Amino acid sequence: MASTSSTTLSISSLSPLVDATAPRQTSPQCVTLPTLPPPPVQSQSRASKTTTYCGKIARNVMAMATGEAPAEVSGTELPDVVKIIQEAWDKVEDKYAVTSLAVAGGVALWASAGMVSAIDRLPLVPGVLELVGIGYTGWFAYKNLIFKPEREALIQKIKGTYKDIIGTS
């Protein structure tokens, strides 16, 4: 029969594997492994130096392009687009309905993008759809854009539809 003393390991024989700073376990069956060293700091400082350097270059290019020192931007002044959007939002009576339509439009856009992506992965469908699109574009140009009377009728139809949607002001 084999002796069991040769197969038993003691914690003192594993002392190079035991972290001296870690608390000792009371059970002889548990052994803690040393912790990994922290990641090198050199790559982080290099990234921040690169970002700072690129920012300095961008400022210098901006100053050289305009020929003058960059002016301080005041934080209280809003662009004209934001003012127009705020005025339009203040005029809206049913903000809940407009917000719901915007969210529904975003969900529909997301769903349609997923559907187009799924169709695009099918083997022959993208090529066939491209041919259909080229054919329809040619037919539309021949029917509505080549001859002057049809072109004028198309322009009048577009203007009429625009007035129906926007309304007369």
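**Close-up views of a predicted helical chain**

**View 1. Helix H5 and the residue after it.** The 19 residues of helix H5 (residues 148–166) should span 27 Å at 1.5 Å a residue, and the 27 Å between its end C-alpha atoms agrees with this; the expected span is 1.5 Å times one less than the number of residues, and helices (H or I, at least four residues) and strands (E, at least two) are DSSP runs numbered from the N terminus. This is a predicted model, in which local features need pLDDT of at least 70 and side-chain atom pairs count only at pLDDT 80 or more, while totals for chains, interfaces and linings use all residues. Residues are numbered from 1 along each chain as its sequence is written, and side-chain values use heavy atoms, with hydrogens and water left out. Of the 19 residues of H5, the number buried is 1, so the helix lies largely in the open; buried means under 20% relative accessible area, exposed over 50%, and partly exposed in between (1.4 Å probe, protein chains only). Gly167 follows H5 and has a positive phi, near 90°.

**View 2. Helix H2 with Trp89.** For the 12 residues of helix H2 (residues 80–91), a span of 16 Å is expected at 1.5 Å a residue, and the end C-alpha atoms are 17 Å apart, which agrees. The number of buried residues among the 12 of H2 is 0, so this helix lies largely in the open. Trp89, which is found in H2, counts as partly exposed at 36% relative accessibility. Leaving aside residues up to four places away in sequence, Trp89 touches Lys95, Val98 and Thr99, where contact means heavy atoms within 4.5 Å.

**View 3. Asn144 in helix H4.** Asn144 has its place in helix H4 and is buried, with a relative accessible area of 14%. Not counting residues up to four places away in sequence, Asn144 touches Glu150, Arg151 and Leu154.

**View 4. A nonpolar patch on the surface.** Met115, Ile119, Leu122 and Leu129 form this patch, with about 370 Å² of accessible area together; Leu129 lies in helix H4 (residues 125–144).

**View 5. The chain as a whole and its N-terminal residues.** The protein chain has 5 helices and 0 strands, and 2% of its 169 residues count as buried. Among contacts between residues at least 6 apart in sequence, 0% join residues at least 24 apart. The chain averages a pLDDT of 76, with 59% of the residues scoring at least 70; pLDDT is the predictor's confidence in each residue, from 0 to 100. Over residues 1–8, pLDDT stays under 50, and the model has 0 contacts beyond four places in sequence for them. Where pLDDT is low, the predicted coordinates should not be read in detail.

Methods:
Patches are made of residues with over 30% relative accessible area and no salt bridge: like charges are joined within 9 Å, nonpolar side chains (Val, Leu, Ile, Met, Phe, Trp, Tyr) within 5 Å. Accessible areas come from the Shrake-Rupley method with a 1.4 Å probe; for residues, only the protein chains shown count as cover. A salt bridge is a side-chain nitrogen of Lys or Arg within 4 Å of a carboxyl oxygen of Asp or Glu.
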